[in-house]
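Welcome! Below is a guided walk through one protein model, meant for someone meeting it here for the first time.

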Amino acid sequence: HMPTAELQALDAAHHMHPFTANAELAAKGARVITGAKGVYLTDSEGERILDGMAGLWCVNIGYGRDELAEVAVRQMRELPYYNTFFQTTHVPAIALSAKLAELAPGDLNHVFYASGGSEANDTNIRLVRTYWAEKGKPSKKIIISRKNAYHGSTVGSASLGGMAGMHAQGGLPIPGIHHIDQPNWWAEGGDMTPEEFGLERARQLEQAILDLGEDNVAAFIAEPVQGAGGVIVAPDSYWPEIQRICDKYEILLIADEVICGFGRTGNWFGSQTMNIRPDIMTIAKGLSSGYQPIGGSIVRDEVAEVIGRTEFNHGYTYSAHPVAAAVALKNLEIIEEEDLIGHVQKVAAPYLKQKWEALTDHPLVGEARIVGMMASIALTPDKEARAPFATEPGTVGYICRERCFANNLIMRHVGDRMIIAPPLVISPEEVDVLIDRARIALDETLDE
Ligand code: PLP
């Protein structure tokens, strides 16, 4: 390929990066990633970078799996594309749907496909409103979500999300979405114990339902463990109370499993780890380990039955794309055959947990949280007081992320929280490399 500087100049001239201040990036040049294998990326200068984020929380089975490439090529030759709108279907759609029905808990047996998580969450907005309209309760339209949640970037899914910056750019949210606070004890728990705080935050859902009117609320959406919001693990008291409230007021529970699904939390789905019974699950990312863009909504028998009474006027050209579906199915088979869930439960997560939690001995690190293979640390100048820095939130986190990057580790920052979600296949030796590089970056951050 061309020399790095030329690639960077062309990139800066013509490529607009998502979630990026493009002028600032153009001035320094984007790092050009040229290949990947296992948990390592390679850049155009030949550096090997440990990918602590599995791409964007998605490359669960690791990079460089030839089996997936072979399945994609075979499917492209056989049937590269066809839709499932025209009273037609195809083998990859059938096989993947049956497999997902088998893997998903309870009677979550029906899949509506999209190209990713954002589209799937847009589908969910229409699914739950159609469901209640068909059940003779058309006033049940409002969806309750959480502040600081990320549910996608389309207008609908970014409205479900609770990121103030995303709302400000573009006049969101759309009407009919209501946000309650997230259960982030470290930052917002004050003098309460985590358990008291978890109950207080869950009861905000009940209060919102009472304020908005039970007859106006369709659904509550949340991630089992809030990912892009900073790997916020709710106190143990939170989810049982949320489930009780959803049951009591007949509110559909949507679990956004885009990050938590497919082994990330140590079970097939985060709902199993948190012991909740969703009516709808959003899936994407780990569904194909990022090898193809595919997502969807898995719904319970009764939801599918009600939706099935009418024509659901919704769908995407690439819903159940045959190549994406075939690759996703092979990915799920690999997770099963290699017992990657067992690897997470027995090897990777316990080892990472021990090393990750030990980071709290570093002067900058307050709490360390981890569920399965998603983890965060809160950076703080004062652990006792759980105090934020005097600088603009995110300043120290950004420095730490830059120091990680310079030390060939991808770790993300959300404000002043650092987060990781490495490929599930990571070995104990690779965890050691990750932790060593993280410690160097933390030391360098402290020095700055
Ligand atoms: N939901 C959650 C919880 C996510 O983390 C993401 C992406 O990061 C999405 C939805 C959006 O998925 P996509 O980027 O595939 O549209």
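Helices and strands are named here as DSSP runs, a helix having at least four residues (H or I) and a strand at least two (E), and they are numbered from the N terminus. With that in hand, Glu 250 is easy to place: it lies in the loop between helix 11 and strand 8 (252-256). Please keep in mind that this is a predicted model.

**Two domains**

The protein falls into domain 1 (31-61 + 339-447) and domain 2 (67-337). Their C-alpha centres are 26 Å apart. Where domain 1 and domain 2 meet, domain 1 brings 28 residues to the contact and domain 2 brings 24 residues. On the domain 1 side, helix 3 (54-57), helix 15 (340-357), strand 11 (365-371), strand 12 (374-379) and strand 15 (417-420) each supply at least two residues. Helix 15 gives the most, with five residues. Sorted by class, this side of domain 1 has 17 nonpolar, seven polar and four charged residues.

**The core**

Next, the inside of the protein. The largest nonpolar core has 123 residues, and those with the most contacts inside it are Val 128, Ile 143, Ala 219, Phe 220, Ile 298, Ala 325 and Ala 328. Helix 14 (residues 322-337) provides the largest share of this core, nine residues. Where does this core lie with respect to domain 1 and domain 2? Both domains give residues to it, so the core lies between them.

Ile 298 shows what such a core residue touches. Leaving aside its neighbours within four places in sequence, Ile 298 is in contact with Leu 100, Ala 104, Leu 108, His 110, Val 111, Ile 280, Met 281 and Ile 283.

**Around the ligand**

Which residues come nearest to the ligand? Of the 16 residues around it, these are Gly 116, Gly 117, Ser 118, Gly 152 and Val 258. Helix 6 (residues 117-134) gives the most to this shell, with three residues. By class, the shell around the ligand divides into six nonpolar, eight polar and two charged residues.

**Strands and their partners**

Strands of a sheet pair through backbone hydrogen bonds, either parallel or antiparallel. One open sheet here has four strands in the order 1-2-3-13, with mixed pairing. Its edges are strand 1 (33-37) and strand 13 (409-410), each of which pairs on one side only. Within the sheet, strand 2 (residues 40-43) and strand 3 (residues 48-51) run antiparallel and are joined by three bridges. Tyr 40 stands opposite Leu 50 in strand 3.

Strand 15 deserves a visit of its own. Strand 12 pairs with strand 15 in the antiparallel sense over four bridges, and Ser 376 stands opposite Ile 419 in strand 15. Strand 14 (residues 412-414) also pairs with strand 15 in the antiparallel sense, over three bridges. There, His 413 has Met 418 as its bridge partner in strand 15. The hairpin of strand 14 and strand 15 has two residues between the strands, and in it Gly 415 takes a positive phi near 60°. Both faces of strand 15 are covered: Arg 417 and Ile 419 are buried on one side, and Met 418 and Ile 420 are buried on the other.

Further along the chain is Val 433, in helix 17 (residues 428-447). Val 433 counts as partly exposed, because it has 18 C-beta neighbours inside 10 Å. Its C-alpha atom is 9.0 Å from that of Leu 409, and Val 433 and Leu 409 are 24 residues apart along the chain.

**Backbone details in the loops**

A cis peptide bond, with omega about 0°, joins Leu 172 and Pro 173. Pro 173 has its place in the loop between helix 8 (164-168) and strand 6 (177-180).

Positive phi values also turn up in residues other than glycine, as with Val 231 and Glu 250. Val 231 lies in the loop between strand 7 (217-222) and helix 11 (238-249). Are Val 231 and Glu 250 buried or exposed? The table sets out the answer.

| Residue | Phi | Other C-beta atoms within 10 Å | Burial |
|---|---|---|---|
| Val 231 | about 50° | 25 C-beta atoms | Val 231 is buried |
| Glu 250 | near 55° | 15 C-beta atoms | Glu 250 is partly exposed |

A residue counts as buried with 20 or more such atoms, exposed with 12 or fewer, and partly exposed in between.

Key:
Residues are numbered from 1 along each chain as its sequence is written. This is a predicted model: local features need pLDDT of at least 70, side-chain atom pairs count only at pLDDT 80 or more; totals for chains, interfaces and linings use all residues. A residue is near a molecule or strand if its C-beta atom, placed from the backbone, lies within 6 Å of it. Ala, Val, Leu, Ile, Met, Phe, Trp, Tyr, Cys and Pro count as nonpolar, Asp, Glu, Lys and Arg as charged, and the others, Gly among them, as polar. Domain bounds come from an automatic or database domain assignment. Two residues are in contact if their C-beta atoms, placed from the backbone, lie within 7 Å. Two strands pair if DSSP finds at least two bridges between them. A nonpolar core is a set of buried Ala, Val, Leu, Ile, Met, Phe, Trp, Tyr and Cys residues joined through C-beta atoms within 7 Å.
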